[in-house]
Each structure stands twice: as C-alpha cells, then as structure tokens.
Amino acid sequence: MVRSMKRIFFAGAQSTGKTTALTNIGPLLPKLRVQPEVARQLMAERNWTRDDIFESKESCRNFQGDIVRRMEEIDRENENEEQDYISDRCPLDPLVYAMLDAGEEEASNLEENEAFQSLMRRLPQNSLTFLFYPSAKCIEDDHIRKKPEMAELFRYTECLESLLIQYRMPYVYVMTDDLMERIVQIYVQIEEFIESGNSF
C-alpha cells in the first residue's frame, strides 16, 4: 500500500498562539517540513502593511487569492517531493478573511478560484488541522492583521469550524492556553496521525 503524504495545519484566528506553537514544536518533528505563514511572507516580499491589505474589499480579496495560490504551489511542491509538512494556517483561513472582511460575494469568488479548488480536492483525505481556540492570554497586536477583539476572534473561529465541517477536513481543537500543554497535545496527535492511514 502506498503511503499518502501528510499535511498538518495550524489554523484559527489571529493571536491564538499558532506561530508560537509551531516555533516550539517544529524542532521536535524533524521529518516534517515547517511552512511559515504565507501572508507574512507575501507582505514582506511586497513591503506591505495591513493598511495595504484592507484598503478596499478588492485589495483584501486579491491578497487572500494570492495566499491561496501560494499555498497551492507549496502543497504541490511538497506532494511532488513526497514531503510531509506542517503549516502555519490552512487554506480555509483566507476564505474566512475574505468572508469577514470583504463579504460573502468575494468569499464565493475565492471558492471558485482554481488554486483553491485544487487544494480542496487533495486535502481532506490526508490532512489534520489544529483549530486554535481564542484566549485573552494570547492576544497581542501583531501589526499584520487587524487589531484583535475577542468577539471578532470567536466569530472567526465559528466561521472556520463551519468551513472545516463543510469541506470535511479532519480537525481537533486546541483549547488550553498553556504552551507546554499545547505542545504535548499537538505532538501526541501528530505522531498518531503520521502513523495512521489516510484519516485521523
């Protein structure tokens, strides 16, 4: 039986501790390629600030589309190399941002994006998403996304969970805000997932 490539995503609203968790767990899983957040990479390449992204609905939609296309390129590259990887954010995150910041119509346009559809054909069967639950302890202004408010973070989380269910992407919640407890939970579940078949 041919082993399927494994994709692991850290997803959720901003300021929920995804990047911190990834930074700490990456060295513990040397066989996984670590993929930093694409949005941050694109902003650095373009010398953009968050004001550039949220200047208009169109700029927000275009930026989320660029994120999805880059994510698709990264996934295809890893697939070609049969390389398991772990990513800061999942392909549904841009869809939530488009939905909340640009509107339902822009989100629908993003769903029709060829790169997004390509990802959604490949991901559900051999991916695991860790959905980080908002915590006041983790909130900080990263000067990239909009300055967070708890109500907005919970709304984002609800939208993302709904999409994970809709697209049948397996996920588990990360509820604790204690970093060590997070690392232990995530490490154990990733090890189980990697050793399993195509589903979690």
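These are my notebook entries on the cysteines, one strand, a surface patch and the salt bridges of a predicted model.

**Cysteines**

I looked for disulfides first and counted zero. I then took the two cysteines in turn. C90 is in no disulfide, and the nearest cysteine sulfur, that of C159, is 13 Å away. The cut-off is 2.5 Å between sulfur atoms, so C90 and C159, at 13 Å, do not qualify. C159 is likewise in no disulfide, with the sulfur of C90 as its nearest cysteine sulfur. I also checked whether these residues are buried or exposed. C90 is buried, at a relative accessible area of 0%. C159 is buried too, at 18%; the limit for buried is under 20%.

**Strand β4**

Next I went to β4, which spans residues 127-132. How many of its residues are buried? I found six of six, so the strand is mostly covered. I sorted the side chains by direction: S127, T129 and L131 point one way, while L128, F130 and F132 point the other way. Both sets are buried.

I then asked which strands pair with β4. One is β1 (residues 7-11), which pairs with β4 in the parallel sense over five bridges. In that pairing I noted A11, whose bridge partner in β4 is L131. The other entry is β5 (residues 171-174), joined to β4 by four bridges and also running parallel. Here F130 stands opposite V172 of β5. L131 and F130, the β4 residues I noted in these two pairings, belong to the sets that point opposite ways from the strand.

**Nonpolar patch**

On the surface I looked up a nonpolar patch of about 450 Å². L28, M180, V184, Y187 and V188 make it. I followed up M180, which is placed in helix α9 (residues 179-195). M180 is exposed, because its relative accessible area of 57% is over the 50% cut-off.

**Salt bridges**

The count of salt bridges came to 17. I took three pairs for a closer look, along with one network.

The side chains of E77 and R33 meet at 3.9 Å, N to O. E77 lies in helix α4 (residues 57-80) and R33 in strand β2 (residues 33-35), so this pair ties together parts that are 44 residues apart in sequence. Both ends are partly exposed: E77 has a relative accessible area of 44%, and R33 stands at 30%.

The side chains of R46 and D66 form a salt bridge at 2.9 Å, N to O. This pair links distant parts of the chain, with R46 in helix α2 (residues 38-46) and D66 in helix α4, 20 residues apart. R46 counts as partly exposed at 30% relative accessibility.

My third pair, E73 and R70, meets at 4.0 Å, N to O. Why are E73 and R70 separated by about one helical turn? They are three residues apart in helix α4. E73 is partly exposed at 48%, and R70 is partly exposed with a relative accessible area of 23%. I closed with the network: salt bridges that share partners join R7, E72, D75, R76, E79 and R122 into one.

Key
Residues are numbered from 1 along each chain as its sequence is written. This is a predicted model: local features need pLDDT of at least 70, side-chain atom pairs count only at pLDDT 80 or more; totals for chains, interfaces and linings use all residues. Side-chain values use heavy atoms; hydrogens and water are left out. Buried means under 20% relative accessible area, exposed over 50%, partly exposed in between (1.4 Å probe, protein chains only). Two strands pair if DSSP finds at least two bridges between them. Patches are made of residues with over 30% relative accessible area and no salt bridge: like charges are joined within 9 Å, nonpolar side chains (Val, Leu, Ile, Met, Phe, Trp, Tyr) within 5 Å. Accessible areas come from the Shrake-Rupley method with a 1.4 Å probe; for residues, only the protein chains shown count as cover.
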